[in-house]
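Subject: Structure handover

Hello,

Here is the structure I promised to pass on. Please open it beside this email and follow along.

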Amino acid sequence: MLAILAALAAPHATAGDRVVLAIGAHAGDAEITTGALLARHKRLGDRVALLHLTLGEGGNPKMSPAAYGEQKKREALVAAKVLGAEVLFGPWKDGELRDTEEAARYVADVIRQVKPTHVVTHWKASLHPDHEAAHRIVNAAVLLASLEGFESAHVRHRGVRGVYYADNWEDPERFTPYLYVDVTEDLATWKAAVTSYEFVRGGISSFPYLDYYEALARVRGAVAGKRFAVALEVDPFSKKRVLDALP
Ligand SMILES: [Zn+2]
């Protein structure tokens, strides 16, 4: 944790030297909330990556989890390609993600391989237990990945400058937007990416995913003085700013 605090106080990254890793509980979570941000960073010359801990294969009442899981994987590969992101898939089943040491070790090893400077994942409070588990797993994994004492096939990674939490309709409780990133020029790429998912196009869930997240980007953009923006929350300790004088 100390390493992360020190890193947050470091100067801002310059374009091209960031690696942004978005980790979602279900395939689609990270792209729908954070895809525009990933598209923006890709366009700025940064590396971007996605880790889907589960496929979210249980969400289609008309298909078996096995068949829908195959479809979700195909859709995730297309979405990642459109965003210009690398994509990785965790081994867990939809609804069965748990905050275990095994899960933290798995994600820590992914972090050691991808070497992110910035990690985006779920906020701590959610309607979905998988999302809450993902929040805890990712935070444990960032720390574990940095520790010399954690042995894995890859060397330790201490370069995570910050962990950020996505603006997800299922994770709203006590979520207060803190950072706003202008994604006006990236919304078209985001839309092209997320509509690779049938659940976003409509017909599986009654929730209007595309309308909600496009309107949300407009709402966040409005208060940020931009056309469209993605908002992120951070941990309370990350809100501390240390300055030589008032800005
Ligand atoms: Zn989800």
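Below are notes on helix packing, then on a cavity and a pocket. Please keep in mind that this is a predicted model.

**Helix α6 and its partners**

Start with α6, which covers residues 187-194. Two packed helices are described by the angle between their axes and the distance between the axes. Look for both values in each pair below.

*α2 with α6.* Find α2 at residues 29-43. Its axis lies 8 Å from that of α6, and the packing angle is about 135°. The two helices are therefore oblique to each other. Their crossing is right-handed. On the α2 side, the contact is made by Glu31, Ile32, Gly35, Ala36 and Ala39. On the α6 side, Leu187, Thr189, Trp190 and Val194 take part. By class, this contact has six nonpolar residues, two polar ones and one charged one.

*α6 with α8.* Next, find α8 at residues 209-224. Here the axes are 12 Å apart, and the angle is about 165°. That makes α6 roughly antiparallel to α8, because an angle over 145 degrees counts as such. This crossing is right-handed. Leu187, Trp190, Lys191 and Val194 of α6 meet Leu210, Tyr213, Glu214 and Ala217 of α8. Six residues of the contact are nonpolar and two are charged, with no polar ones.

*α3 with α6.* Now move to α3, residues 65-83. The axes of α3 and α6 come within 8 Å and cross at roughly 165°. So α3 and α6 are roughly antiparallel to each other. Once again, look at the handedness: α3 passes α6 in a right-handed crossing. From α3, the residues in contact are Ala79, Val82 and Leu83. From α6, they are Thr189, Ala192 and Ala193. Five of these residues are nonpolar, one is polar and none is charged.

Trp190 is worth selecting in your viewer. Trp190 takes part in the contact with α2, and also in the contact with α8. Thr189 has two partners as well: Thr189 is in the contact with α2 and in the contact with α3.

**The largest cavity**

How many cavities of 30 Å³ or more does a search of the whole structure find? There are four. The largest cavity has a volume of about 120 Å³. It is lined by 13 residues, and the closest to its centre are Thr33, Tyr213, Ala217, Ala229 and Val230. Four elements give two or more residues to this lining: α2, α6, α8 and the strand β7 (229-233). Which of them gives the most? That is α8, with four residues. The lining divides into ten nonpolar residues, one polar and two charged.

Tyr213 and Ala217 turn up twice in these notes. Both are among the residues closest to the cavity centre, and both belong to the contact of α8 with α6.

**The second largest pocket**

Last, look at the second largest pocket. Its volume is about 330 Å³. Of its 20 lining residues, Gly59, Lys72, Glu170, Phe199 and Tyr209 are the closest to the centre. At least two lining residues come from each of α2, α3 and α8. The lining of this pocket has nine nonpolar, seven polar and four charged residues.

Best wishes

Key
Residues numbered from 1 in each chain as written. Predicted model: local features only at pLDDT ≥ 70, side-chain atom pairs only at ≥ 80, totals over all residues. Heavy atoms only, no water. Axes fitted to C-alpha atoms, helices over the stretch in contact; angles between N-to-C directions. Parallel < 35°, antiparallel > 145°, perpendicular 65-115°, else oblique. Left-handed = near helix turned anticlockwise from the far one by under 90°. Contact = heavy atoms within 4.5 Å. Nonpolar A, V, L, I, M, F, W, Y, C, P; charged D, E, K, R; others polar. 1 Å grid on protein atoms, 1.4 Å probe; cavity = no way out; pocket = protein on both sides within 12 Å on 5 of 7 lines; lining within 4 Å. Points joined across faces, edges and corners; volume = space filled by probe spheres on them.
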